Amino acid sequence: VSTQSTWGLGYTMTFLSRGIAFLSASGIVLWTKSFFEDEKVAELQASYLSKVCYITVFIMGGVSGIIVDKFSKFVNVGGMLISSICAMVGIVLIGDPSDPLTVAFVMLLGVGIGMSSCLSMYLVDSYAPEQHRGKVHGVQSMMAVLGVLSCGNFGGILYDKWRKDAQFILLTGFCSIAVLQLIFIALAPKHWFESDEKSESNNAKISL
């Protein structure tokens, strides 16, 4: 697999990690508050779900590093995407923030956030060549902002115009596209990337 395709996965993980993190910070709160007439009850439940998510993300911050070192990038990325998709689909299908199963799916969402944050750094830092590292990280920063804007702005519009769980559905769509990207990179013939790899090798020789 070429380094460029690995950067692509890193960029995607950066986009998704920021988008899902934004979802955990505001999306869960907005979605929860839309179900309760009593503002105090809504705030308590929203705070509870957010804390569950954050605690899971904190724990996964350490665990994900161990997991990333032990398994291939395809297994890691695939596991992160599947856990995130299952979490968001489960939340949408249950449709009730007070349901005990919602707590389980919010924890699963935290697993996805923790994994995506670790992978976004690992895939870019490990495969970016030294002569292009600044450029690669610059694009990564742009993808991070794009992830927040996509979930925050577009997701907010869908929340107002369509349905209250629209942000979960939007991020599920993004994760599904990422699954297709992962499958393409894993199954694509190696010669499709040979020209990129040769070009990268020649550039490295020239720089020396």
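## Exercises on a seven-helix chain

At 35% relative accessibility, Arg 163 counts as partly exposed. (Buried means under 20% relative accessible area, exposed over 50%, and partly exposed in between, with a 1.4 Å probe and protein chains only.) The model is predicted: local features need pLDDT of at least 70, side-chain atom pairs count only at pLDDT 80 or more, and totals for chains, interfaces and linings use all residues. Residues are numbered from 1 along each chain as its sequence is written, and side-chain values use heavy atoms, without hydrogens and water.

**Exercise 1.** Find the salt-bridge partner of Arg 163 and classify its burial.

*Solution.*
- Step 1. Apply the rule: a side-chain nitrogen of Lys or Arg lies within 4 Å of a carboxyl oxygen of Asp or Glu.
- Step 2. Recall the principle: side chains of opposite charge can pair when their charged atoms come close.
- Step 3. Arg 163 pairs with Asp 165, and their closest N and O atoms are 2.5 Å apart.
- Step 4. Asp 165 has a relative accessible area of 7%, so Asp 165 is buried.
- Step 5. The count of salt bridges comes to one.

**Exercise 2.** Describe the fold of the chain and give its share of buried residues.

*Solution.*
- Step 1. Count the elements: the chain has seven helices and zero strands. (These are DSSP runs, numbered from the N terminus: helices are H or I with at least four residues, strands E with at least two.)
- Step 2. Along the sequence the pattern is α-α-α-α-α-α-α.
- Step 3. Of the 208 residues, 44% are buried.

**Exercise 3.** Work out how helix 5 sits against helix 4 and against helix 6.

*Solution.*
- Step 1. Set the terms: axes are lines fitted to C-alpha atoms, for helices over the stretch in contact, and angles run from 0 to 180 degrees between N-to-C directions.
- Step 2. Helix 4 (residues 100–127) packs on helix 5 at about 155 degrees, with axes 10 Å apart.
- Step 3. Helix 4 and helix 5 are therefore roughly antiparallel. (Under 35 degrees is roughly parallel, over 145 roughly antiparallel, 65 to 115 roughly perpendicular, and the rest oblique.)
- Step 4. Helix 5 (residues 133–161) and helix 6 (residues 166–187) pack at about 130 degrees, with axes 8 Å apart. That makes helix 5 oblique to helix 6.
- Step 5. Helix 4 crosses helix 5 in a right-handed way. The crossing of helix 5 and helix 6 is right-handed too. (A crossing is right-handed if the near helix is turned clockwise from the far one by less than a right angle, left-handed if anticlockwise.)

**Exercise 4.** Place Gly 10, Ser 117 and Gln 167, and find a sequence-distant partner for each.

*Solution.*
- Step 1. Gly 10 belongs to helix 1 (residues 3–33). Gly 10 is buried, at 0% relative accessible area.
- Step 2. Val 77 is 67 residues from Gly 10 in sequence, yet their C-alpha atoms are 9.5 Å apart.
- Step 3. Ser 117 lies in helix 4. Ser 117 is partly exposed, at 26%.
- Step 4. Ser 64 is 53 residues from Ser 117 along the chain, with 9.0 Å between the C-alpha atoms.
- Step 5. Gln 167 lies in helix 6. Gln 167 is buried, at 4%.
- Step 6. Phe 22 is 145 residues from Gln 167 in sequence, with 9.8 Å from C-alpha to C-alpha.
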